[in-house]
Protein chains: 2
Amino acid sequence: MSNQIKVGIVGYGNLGRGTVDAIKQCPDMELVAIFTRRTPDSISVNEPNVKVLHISQAENYKDEIDVMILCGGSATDLPEQGPDFAKMFNTIDSYDTHAKIPEYFNSVDRSAKESGKTSIISVGWDPGLFSINRLMAEAILPNGENYSFWGEGVSQGHSDAVRRVEGVKGAVQYTVPIEEAVEKVRSGANPELTTAEKHLRVCYVVAEEGYDQAKIEQDIVTMPNYFADYETKVNFITEEELKENHSKLPHGGFVIRGGKTGSGNKQIIEFSLNLDSNPEFTASVLVAYARAAYRLNKEGQVGAKTVYEVAPVYLSPKSAEELRRDLL
Amino acid sequence: MSNQIKVGIVGYGNLGRGTVDAIKQCPDMELVAIFTRRTPDSISVNEPNVKVLHISQAENYKDEIDVMILCGGSATDLPEQGPDFAKMFNTIDSYDTHAKIPEYFNSVDRSAKESGKTSIISVGWDPGLFSINRLMAEAILPNGENYSFWGEGVSQGHSDAVRRVEGVKGAVQYTVPIEEAVEKVRSGANPELTTAEKHLRVCYVVAEEGYDQAKIEQDIVTMPNYFADYETKVNFITEEELKENHSKLPHGGFVIRGGKTGSGNKQIIEFSLNLDSNPEFTASVLVAYARAAYRLNKEGQVGAKTVYEVAPVYLSPKSAEELRRDLL
């Protein structure tokens, strides 16, 4: 099919692999190449028609790739790659360093406006789908409160923090919404709740031999920023158990708004995700927005965008007529 | 505030009243007038600056009203009013006769394109917010199934049907999702389910004196189209109980998509509403989309639209910069 959208991927970690899988579910898309900073030969992708190339070769594919999906991280990859690739391609990324979004938006916007490309930044589920729901729920119920809960799911940042504790051989940290807080919010009571009052932190830890578990536990639960403010549970397990039961990356969460209308009627809007694989789901969102970036660019809507600027119709491979008839 | 969006309302039933309340929660909007087919004097609106006028006077307000919110019904009001008012105003409506949406869209589109106005049709929660979630979930998880559940809530159509049964003095019908079906769907099992396998119908009935309750019950549960295919429960209550406990119009429901990514990971997306007042909530959605219609028209995006063509940013009174900084 020559009218398929031609897609490239930059970065081949969990998110990049998920993106390969997500594109395979879209008959209107074709994956052309994966670009990596590693030696291309060191990467094996089980897709006969997909090239694996060094990232420095990307510029040679300007005319062959319609949208580039940037699968790097927000800390160091995207601040450089976002504005760089927007000079050459329509792009999608999952930039999620919240405090720096305005700055990142502006730098990508400058590149994309210069090149006449369309870049949708901060795509995924939070920021992304959760953001859309926060905005829409607030616009519909101005008299109310938004609540975002994350989990139950693996937090990479907190897992890494536990792994840095002396005597820890391996660890996974789950963020778990506190059920009573969730129920209070769902009832429309609109309580005041800090992040720590909404979430438990549950750690599964493999201790090095000869280390005192009580000491490790103490070091974890008192760690500032990460755990000190939270109710934290530490479970010691064996290395086999860690591998067997905790090697997946599930996640999810919910955005709830409780609002009041008229003479005090309670109205609750909730959006929730329950994900077996966080990176594969995030990748699926990126791919749907890649379709949107391609179409927006065709219409001349250039520059940086967020999910807020993208109408739902651009995400679906179906025509507006079909959608009105079958799905509205 | 002279830069407020000036809004008019056509029709003053439950939805029109909810719209008056919803506009009051929006400092960027001003309600100018309510237009009715009844004698304007017969309607009392507790808003000193709001005119109540006969619908025939609407055309005199072409320059004073930015958006007209059509609060009539889909059976007879909107098929006429939609295309008529789109000749003079930006409009919002909640047209929900599903099978006729394409036809209605075309007729409103013709009017709006001729007049240079913007009309967003079929706004509310279903069609409306549920439609957006069906589209987005399907676009993100192509390999999956959508499920829409309605309730627990009052169905006006089914309540009316019960009231027409001989010997029934008063009645309310609640549509109730079947918990086991919901749980099966939430687990990602993607079962095949008919509407009847997803919902119970629960009726509260006041019998006329001298009528046989067993006969009334039989007449209800065997009624074709409305009840015969469903598990239906009939509860007889007193007139006082009906008034005391069943005079509100709660509703809600959920849209769930179960999909699979990668090598079979289950991913569940759910959107749900739990509403004390269906008409007040629907009105709140109409008002947020009235803001969007006004802005789209300012940008020259004329013609008929659905919620599918409206990017989230148009719904919020906040600027794109504020939204990126505070809510993304």
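A:Asn225 sits in the loop of chain A that runs between helix H8 (213-221) and strand E11 (231-236). This is a predicted model, and in it A:Asn225 has a positive phi of about 65° although it is not a glycine. With a relative accessibility of 69%, A:Asn225 counts as exposed. From this one residue, the points below move on to other local features, then to chain A as a whole and to the way the two chains are arranged.

**Unusual backbone spots**

- Some background helps here: most residues other than glycine have a negative phi, and most peptide bonds are trans.
- In chain B, B:Ser122 is not a glycine either, yet its phi is positive, at about 55°.
- B:Ser122 belongs to the loop between E6 and H4 of chain B.
- Is B:Ser122 buried or exposed? Its relative accessible area is 0%, so B:Ser122 is buried.
- B:Pro127 is also placed in the loop that links strand E6 (118-120) with helix H4 (129-140) in chain B.
- The peptide bond leading from B:Asp126 to B:Pro127 is cis, and its omega is near 5°.
- Another cis peptide bond runs from B:Gly151 to B:Glu152, with omega near 0°.
- B:Glu152 can be found in the loop of chain B between strand E7 (144-150) and strand E8 (153-154).

**A look around A:Val172**

- A:Val172 is part of strand E9 of chain A, which covers residues 168-177.
- Because its relative accessibility is 7%, and buried means under 20%, A:Val172 counts as buried.
- Which residues are in contact with A:Val172, leaving aside its neighbours within four places in sequence? Among them are A:Val154, A:Ser159 and A:Arg163, along with A:Val202, A:Cys203 and A:Tyr204.
- A:Leu242 and A:His246 are also in contact with A:Val172.
- A:Ile132 lies 40 residues from A:Val172 in sequence, and their C-alpha atoms are 30 Å apart in space.

**Chain A as a whole**

- Chain A has eleven helices and 14 strands.
- Its C-alpha atoms fill a box of roughly 65 × 60 × 35 Å, taken along the principal axes.
- The radius of gyration of chain A is 22 Å, which agrees with the value near 20 Å for a compact globule of 328 residues.
- Of the 328 residues in chain A, 58% are buried.
- Take the contacts in chain A between residues at least 6 apart in sequence: 67% of them join residues at least 24 apart.
- What is the accessible surface of chain A? The total is about 14100 Å², and 44% of that belongs to carbon and sulfur atoms.
- Chain A carries 34 positive and 47 negative charges, and the mean positions of these two sets are 5 Å apart.

**How the two chains are arranged**

- In general, two copies of a chain are related by a rotation about an axis and a shift along it.
- Here, a turn of 180° with a shift of 0.0 Å along the axis lays chain A on chain B, with an RMSD of 0.0 Å.
- That relation is the one given by a two-fold axis.
- Which residue of chain A comes closest to the rotation axis? It is A:Ala311, whose C-alpha is at 1.9 Å from the axis.
- The copies meet through the same surface, because 100% of the interface residues of chain A are also interface residues in chain B.

Key: Residues numbered from 1 in each chain as written. Chains lettered and ligands numbered in written order. Predicted model: local features only at pLDDT ≥ 70, side-chain atom pairs only at ≥ 80, totals over all residues. Heavy atoms only, no water. Least-squares fit on C-alpha atoms with pLDDT ≥ 70 in both. Contact = heavy atoms within 4.5 Å. Helix = DSSP H or I, 4+ residues; strand = E, 2+ residues; numbered from the N terminus. Rg over C-alpha atoms; globule rule 2.2 N^0.38 Å. Buried < 20%, exposed > 50% of the residue type's maximum accessible area, 1.4 Å probe, protein only. Areas by Shrake-Rupley, 256 points an atom, 1.4 Å probe, with all protein chains shown as cover. Lys, Arg positive; Asp, Glu negative; His and termini not counted. Charge placed at Lys NZ, Arg CZ, Asp CG, Glu CD.
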